[in-house]
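The following exercises concern a predicted model. Please examine the sequence and the structure before working through each solution.

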Amino acid sequence: ITSVCTLSCEEETVEVSLEYERLIHYDGVNVSAPQIPQGLHESSIRFERRDLLNYQGRTLESVQFYISYVPNDLTLRIYKNERASNEPQSLLYEAEIIGSLASSWNTYNLTENLIIDDSELWISLRYSLQETQRVIGCDAGPAFVNGDWEYSGMEDNWSNFRARTNNQISINWNIRGVLAAL
């Protein structure tokens, strides 16, 4: 749903488009993708309960993400947490993603409705690398608190990317949840 307002100041007329909020995300424009070492990884964004208050009852219909390099295996995972935790708890949705385009925004449409409730929500992309690669795109930062979560199979833990890089890299993953129109 888009509404258009026309603003006028004497001689100059400006048209402003107001689109209702459909994206949940932390990132800005894609600028790059950090180098990720070989192994199993998940790049994730986390929405705490307070972040989702205005979206409760809405349906998550798709996920948008920027891919720099397409790994051999790429899986979308969506988790739900009943209590606050620095790692995802209950897997709600999982799907192998096939046909992603490199150096491009991609959209995956969910095959089932996921209703936003009062739980935490994690949207994650899981992949394995045979060598160091730039996979999931990112903005220029600075990182928001929950915009840069990453699982490292080598370390077998979840951490924000800032901590994993000793605060040398402060970015937000180019991962976005798309809500169904009202």
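**Exercise 1.** What percentage of the residues of the protein count as buried?

*Solution.* Begin with the chain as a whole: the protein has 182 residues, and 47% of them count as buried. Next, turn to the surface, where the protein exposes about 9800 Å². Carbon and sulfur atoms supply 46% of that area. Finally, place these values on the fold, which comes to one helix and 14 strands.

**Exercise 2.** Identify the largest nonpolar core and the elements that contribute to it.

*Solution.* Step one is to count its members: the largest nonpolar core has 34 residues, and Phe65, Leu76, Ile78 and Ile175 have the most contacts inside it. Step two is to assign elements: among those giving two or more residues are strand 6 (59-67), strand 7 (74-81) and strand 14 (175-179). Strand 10 gives the most, with five residues. Step three is to inspect Ile78, whose contacts beyond four places in sequence include Leu60, Leu92, Leu110 and Trp122. A second, separate core has five residues, including Tyr79 and Trp149.

**Exercise 3.** Is Tyr69 buried, partly exposed or exposed?

*Solution.* First locate the residue: Tyr69 is found in the loop between strand 6 and strand 7. Its relative accessible area is 32%. Buried requires under 20% and exposed over 50%, so Tyr69 is partly exposed. Then list its partners: leaving out residues up to four places away in sequence, Tyr69 touches Leu129, Gln133, Arg134 and Val135. Lastly, compare sequence and space: Tyr69 and Leu101 are 32 residues apart in sequence, and their C-alpha atoms are 8.3 Å apart.

How values were computed:
Residues are numbered from 1 along each chain as its sequence is written. This is a predicted model: local features need pLDDT of at least 70, side-chain atom pairs count only at pLDDT 80 or more; totals for chains, interfaces and linings use all residues. Side-chain values use heavy atoms; hydrogens and water are left out. A nonpolar core is a set of buried Ala, Val, Leu, Ile, Met, Phe, Trp, Tyr and Cys residues joined through side-chain atoms within 4.5 Å. Buried means under 20% relative accessible area, exposed over 50%, partly exposed in between (1.4 Å probe, protein chains only). Helices (H or I, at least four residues) and strands (E, at least two) are DSSP runs, numbered from the N terminus. Contact means heavy atoms within 4.5 Å. Accessible areas come from the Shrake-Rupley method with a 1.4 Å probe; for residues, only the protein chains shown count as cover.
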